[in-house]
Amino acid sequence: FNLVFNGLWHKAKGIHLSSLFTALPPGSGPFDAILANPPFVPNPQGIASGAGAMFGNGGDTGEAIFSGIVTGASQLLRPGGRLSVVAMSPNVDELPAPVQSWYAAGNTGV
């Protein structure tokens with residue numbers, strides 16, 4: 001919807017619905033950009049229910065999906081490519097270290 005609404009549909013190669021990157025056809029990428037708006041609200045031990053669990057379940061710390069996106073994107077982005085992710089961090093000053101670690105883990109296959 002947003003692509004059409006903003007007149008950008010012609011720039012998209014496709015829209016894929018999946019769990020992280022599993023729906024991408026073999027050989028997909030590298031990409032100039034990856035955009036993600038994952039669930040990022042912490043849900044310790046799955047205590048949330050209803051809409052909170054459906055739309056905001058980011059795992060125990062809120063980073064379960066976020067970390068998977070960063071790890072996978074490291075293998076799919078073109079050199080100089082950009083990953084944009086909506087996230088919530090209680091301590092933004094500490095966020096770069098885990099993001100760098102997740103990205104490096106994707107590059108080494110760890």
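## Exercises on a predicted model

I15 sits in the loop that runs between α1 (2-5) and β1 (31-36). Keep this residue in mind as you work through the exercises on this predicted model.

**Exercise 1.** Decide whether I15 is buried or exposed, and find the surface patch that I15 helps to make.

*Solution.* Start with the relative accessible area of I15, which is 58%. Exposed means over 50%, so I15 is exposed. Next, look for its partners: V4, W9 and I15 make a nonpolar surface patch of about 350 Å².

**Exercise 2.** Work out which residues lie nearest the centre of the largest pocket, and which element gives the most to its lining.

*Solution.* Begin with the volume of the largest pocket, about 1,300 Å³. Its lining consists of 32 residues, and nearest the centre are G14, I15, A33, I34 and L35. Now turn to the elements: at least two lining residues come from each of α1, β1 and α3. With six residues, β1 gives the most.

**Exercise 3.** Search the whole structure for aromatic pairs and describe what you find.

*Solution.* The search of the whole structure gives one aromatic pair. Its members are F66 and W102, with 5.2 Å centre to centre and 75° between the planes. An angle over 60 degrees counts as edge-to-face, so this is the label for F66 and W102. Then place the two residues: F66 belongs to helix α3 (residues 64-76) and W102 to helix α4 (residues 96-108). They are 36 residues apart, and the pair links distant parts of the chain. Finally, check their exposure: F66 and W102 are both buried.

Notes:
Residues numbered from 1 in each chain as written. Predicted model: local features only at pLDDT ≥ 70, side-chain atom pairs only at ≥ 80, totals over all residues. Heavy atoms only, no water. Patch = residues over 30% accessible without salt bridge, like charges linked within 9 Å, V, L, I, M, F, W, Y side chains within 5 Å. Areas by Shrake-Rupley, 256 points an atom, 1.4 Å probe, with all protein chains shown as cover. Salt bridge = Lys/Arg side-chain N within 4 Å of Asp/Glu carboxyl O. Helix = DSSP H or I, 4+ residues; strand = E, 2+ residues; numbered from the N terminus. Buried < 20%, exposed > 50% of the residue type's maximum accessible area, 1.4 Å probe, protein only. Phe/Tyr/Trp six-rings, centres within 6.5 Å; stacked < 30°, edge-to-face > 60°. 1 Å grid on protein atoms, 1.4 Å probe; cavity = no way out; pocket = protein on both sides within 12 Å on 5 of 7 lines; lining within 4 Å. Points joined across faces, edges and corners; volume = space filled by probe spheres on them.
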